[in-house]
Amino acid sequence: MSPTSQIKDQFGRVHDYLRISLTERCNLRCFYCMPVEGIELSEKSHLMSHEEVIAIAKTFVEMGVKKIRLTGGEPLIKKNIEKIITELTQLPINLGITTNGILLDNYVELFKASGVKDVNISLDTLDKRKFEEITRRDYFDRVVNNINLYEANGFNVKINNVIIKGVNDNEITDFIEFTKDKNVAIRFIEFMPFDGNKWNNEKVITFNEILSVAEEKYGSENIIKLKSKKNGTAKNFQIKGYKGSFGVISTVSNPFCDSCNRIRLTANGRIKNCLFSSSETNLLTPLRNGEDIKPIIIDGIYHKKQVRGGMTSDKDFFDPEKNANNRTMIAIGG
Ligand code: SAM
Ligand code: SF4
């Protein structure tokens, strides 16, 4: 299938990576993602069915999308997830998934058979009790076992770790040590502001701070800087002699918007052209009405703002009036 058009924004950035949120629901309640009071879920009939997910994904692939990542909410609780994965892997794309890892043991064979290799698993702490505090659920052992299972089975495992002052910033080197004998990539993610997550800039541990902690323990001469991937979000490093690597996603202290190639599709079929954009483009209603959604996609992406949904300065980005004018993270799909 050759692309019939390229999806470009007004700044010439080509968008060939689609992140599809399959559900707004989750089997965890991470405080930085899901507000304590819960969220108002979309009506079921307003969410994409498995057939609609495939139809929209196919359209994006015809328009040049080469990589798709499934996310949520928790993507593995979506009804028909097996069918979605099997059908998406028939398309000429690289398919990955971001998951909290709880249900992964059920899917090793499916992922192997369908060629899903890139599995990002969220884990913010190596302390079972703290895991319960952060996620409000008791699944620590299952997640850690599944990380080990996927590493042992040769998947490309990345571990997403939202690093927050006073919560888990004392575990930075424990996580780096985790890469000593395991071929996994730890990705420290700077804590980002979304509606209802009680963010403030004081709680952010920045790229520079994380690197200083690593340098203090290992010495800068023992930290190898790895080559950045095209459109990659993380700056990556490896401790000499260690099997795995670690990196930092510095959306807050040093955004990487210049090379952004990402489009987000929410579980109710809206495009968000940026994680921080307050505007959305509805694809599901036109699809249901039998309209051609390609021009709508082109227009929605064209108007993407240059930096962080238009919050160009840190003053704007740190302003709760502006940064909370968005969905909760769980309803966007990270
Ligand atoms: N449930 C899956 C999971 O946890 O991996 C997929 C959805 S989750 C929204 C996707 C990613 O977003 C996770 O790695 C999560 O840690 C990250 N995330 C959620 N809220 C965040 C925040 N406020 N700042 C930074 N990352 C966040
Ligand atoms: Fe669920 Fe993932 Fe959000 Fe945690 S980060 S509440 S696992 S969607």
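**A first look around helix H7**

Q: Which residue just after H7 takes a positive phi?
A: Keep in mind that this is a predicted model. Just past the end of H7, the backbone has a positive phi of about 85°. The residue with that angle is Gly 219.

Q: How far apart are the end C-alpha atoms of helix H7?
A: H7 covers residues 207-218, which makes twelve residues. At 1.5 Å a residue, the expected span is 16 Å. The model agrees with that, since the end C-alpha atoms are apart by 16 Å.

Q: Within what arc do the buried residues of H7 fall, seen down its axis?
A: The buried residues here are Phe 207, Ile 210, Leu 211, Ala 214 and Tyr 218. Looking down the helix axis, they line one face of H7, because they fall within an arc of 95°.

Q: Which residues are exposed on the other side of H7?
A: One face of H7 is lined by its buried residues. Turn to the other side and you'll find two exposed residues, Asn 208 and Glu 216.

Q: Which helix is included in what covers the buried residues of H7?
A: Several strands help with the cover, among them E5 (156-163), E6 (184-190) and E8 (234-239). Strands E7 (223-225) and E9 (245-249) are in the list too. The helix in that list is H6 (172-178).

Q: Where is Asp 181 found, and is Asp 181 buried or exposed?
A: Asp 181 sits in the loop between H6 and E6. Exposed means over 50% relative accessible area. Asp 181 has 60%, so this residue counts as exposed.

Q: How many Å apart in space are Asp 181 and Asn 231?
A: Leaving aside neighbours within four places in sequence, Asp 181 is in contact with Glu 151 and Lys 243. Asn 231 is 50 residues away from Asp 181 in sequence. Going C-alpha to C-alpha, the two are apart in space by 28 Å.

Q: How many charged residues are in the shell around ligand 2?
A: The residues surrounding ligand 2 are Cys 26, Leu 28, Cys 30, Cys 33, Gly 73, Asn 100 and Ile 330. Sorted by class, five are nonpolar and two are polar. That makes the count of charged residues zero, as there are no charged residues in this shell.

Q: How many disulfides does the structure hold?
A: A disulfide needs two cysteine sulfur atoms within 2.5 Å. For Cys 260, which is buried at 13% relative accessible area, the nearest cysteine sulfur is that of Cys 274, 6.7 Å away. Cys 260 is in no disulfide, and the number for the structure is zero.

Methods: Residues are numbered from 1 along each chain as its sequence is written. Chains are lettered from A and ligands numbered from 1 in the order in which they are written. This is a predicted model: local features need pLDDT of at least 70, side-chain atom pairs count only at pLDDT 80 or more; totals for chains, interfaces and linings use all residues. Side-chain values use heavy atoms; hydrogens and water are left out. Helices (H or I, at least four residues) and strands (E, at least two) are DSSP runs, numbered from the N terminus. The expected span of a helix is 1.5 Å times one less than its number of residues. Buried means under 20% relative accessible area, exposed over 50%, partly exposed in between (1.4 Å probe, protein chains only). The arc is that of the directions from the helix axis to the C-beta atoms. Contact means heavy atoms within 4.5 Å. A residue is near a molecule or strand if one of its heavy atoms lies within 4 Å of it. Ala, Val, Leu, Ile, Met, Phe, Trp, Tyr, Cys and Pro count as nonpolar, Asp, Glu, Lys and Arg as charged, and the others, Gly among them, as polar.
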